[in-house]
Amino acid sequence: MQPVIPRSIRRLAALGAVLGLAFGCGQQSAELAAGNGKAGGAAVVALMQARNLSEADVRAALKTYTPTGRHDEYYMFASGGHSGQAIVIGMPSMRILKYIGVFTPEPWQGYGYGDQSGAVLAQGDRPGRELRWADTHHPALSETAGDYDGEYLFLNDKAGARIAVISLRDFTTKQIVVNPLIVSDHGGAFVTPNTEYVIEGSQYPAPLGGGYAPIESYDDTYRGAVTFWKFDRSAGRIVPEESWAIELPPYMQDLSDAGKLASDGWAFLNSFNTERATGGNLEGNPPLESGASQNDMDYLHIVNWRRGEELVKAGKAIEIAGMRVLSLQTAIDEGVLFFVGEPKSPHGVDVTPDGEELVISGKLDTHGTVYSFAKMKALIDAKRFAGTDPYGVPILPFEDSIRGQVEIGLGPLHTQYDNQGNAYTSLFIESKVAKWSLKDLQVLEKIPVHYNVGHLATPHGDTVNPQGGYVMAMNKWAIDRFSEVGPLLPQNFQLIDTSGEAMELLYDLPIPLGEPHYAQIIRADRIDPEQIYTPAGIDPATWQQDPYAVAGGEERIERGPDGVHVYMTVVRSHFKPDTIRVREGDTVHLHMTNVEQAKDATHGFTIDTYNISVSLEPGKHANVSFEADRAGVFPMYCTEFCSALHLEMAGYLLVEPKQGSEGAGTAHGQGDAARTAAR
Ligand code: CUK
Ligand code: CUA
């Protein structure tokens, strides 16, 4: 293992100590860095002047600078927003380490460009609809006993109501499940403390199971739902047949969180639009956003999922679109669902590390409200309700459910925790992160961020074991932070040091491929991926040796009733066979094994114009089937600069024309008109 930056060094990094280090022991390297022949401290000062850096800037640089070869203390797993991918970032260096293709084809990983990974993407299709992008919001690391265990990552797609399963054994997507009940989600992915379930709450109500109902019948026929996807850890897959859901009233359910420790067995979802506004602003109705903002309180949904699970096992569920669903009436009758008021247009719901409290912030309220699980549980047990909602769901009395409120600021959204008893809440309107004491409900400090922060993330900050030290502000607007790139600006992640007396802004990382929303940050020592697929011939989808795996010496081409099978090995610096002769119209099955077992000895593979891109990491096996539907000569080559003779790592697919066919040459002249029209 490579060294990580010890926390103690980071903590020592008060200015005096830092500059002392730089001026003293670091003399030689500072001099080298300055490159101007000045000695020690003078060189640093000259550099600071030349680059117009303040002492705070230098401090921030020293706290994040990570020399070559040194690894980060944390991994951050961020959603990739509209890109439909997940982003892996090292912290505190803020170096982007990987984009993981999840809902969207990703050419470098060869994800969805010909090999068996296309079947994973196809799992995410809806009937009659090929979905190849996603609006990913909330990554969730798998947990054991309420803490991240580094084994799996889950990610939701708001636009398609889907959940993906990514294995951190090789950082690749293994499964996508489509929620058949709902067409839009938001309260996912969140896991229960031992990853028994992956929670997915709906966002925009619609008839459950799909289908049409007039919007005038919204109150009666539109519904929300929360789905509990059963996760089988040993198989590493969600099991739809063992999953179930609860029907919810047609409020717009928002974020969710699983209870833990004291509140284990429960889940919490907040909601907005308890007004049940449906828009229709061209039809004489108020626009949705004002219709949905009339009430002072919406409803926090309190769900006893353990009880729900028992009821489903006892056969109390009905089936809708193949999903077992506890009806709203059953959930009410059997004590599975309760409400309590939450002010106002709430967004984040975040269970505290001890599981005893929940912090909820309302976008249109200046407070964070701290709910006591023990108080709510006592009210539920005593059946002491303040009333019911229009659907009959019991509502707990608000004042008796909370410990208190803290005046945080304008537009509070999400809350995360550290290991010192502090909470950090993002203030969207104020563009600040507020640090406050959970015990005293007092704001301790605010730091400006740039700009309009949405989620924030702290290391293990939503687990039973927060690590403290940092908070990452995930800002929606960048405005003036970076060099101009046209009207579409990147998002801005800002790393903040929270270990000292005052919070310090350390680093700005532009995110250029979508709006990530949320991230989770895990200690690097919890992540231990495989370096190679071994033995050679592994299919990453199954982690078994592929039935078509090819060993050195067994390369061959066979013509069968289902087409031409090419058994190919891949090794620096050739494909064997490197000449493939087929006839126009043949189906071709490539079986490719990278027989290398050296770390990082990855080859790529493409056939020109065939829209194929395969990544062959050491030991990986890929199967690619395609129709040789165009006669012609098609170079195939390795797309990774794998060796000095990488350009020579090439060959030909020769597609002989059918009898009487014209053959190749159809491309000449095409597209000239389009080219002249461009630019
Ligand atoms: S989020 Cu999805 S609307 Cu605040 Cu979790 Cu951005
Ligand atoms: Cu293999 Cu380039």
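The following exchange between a student and a tutor concerns a sheet and some salt bridges in a predicted model.

Residues are numbered from 1 along each chain as its sequence is written, while chains are lettered from A and ligands numbered from 1 in the order in which they are written. In this predicted model local features need pLDDT of at least 70, side-chain atom pairs count only at pLDDT 80 or more, and totals for chains, interfaces and linings use all residues, with side-chain values based on heavy atoms and with hydrogens and water left out.

Student: Which strands stand at the edges of the open sheet E4-E5-E6-E7?
Tutor: Strands here are DSSP runs of E with at least two residues, numbered from the N terminus, as helices are (H or I, at least four residues), and two strands pair if DSSP finds at least two bridges between them. The four strands form an open sheet with antiparallel pairing in the order E4-E5-E6-E7. Each edge strand has a single partner, so one side of it is left without a neighbour in the sheet, and these strands are E4 (136–144) and E7 (172–178).

Student: Is Asp-586, the salt-bridge partner of Arg-559, buried or partly exposed?
Tutor: A salt bridge is a side-chain nitrogen of Lys or Arg within 4 Å of a carboxyl oxygen of Asp or Glu, and the side chains of Arg-559 and Asp-586 meet in one at 2.8 Å, N to O. Buried means under 20% relative accessible area, exposed over 50%, and partly exposed in between, with a 1.4 Å probe and protein chains only. Arg-559 is partly exposed at 46%, whereas Asp-586, at 11%, is buried.
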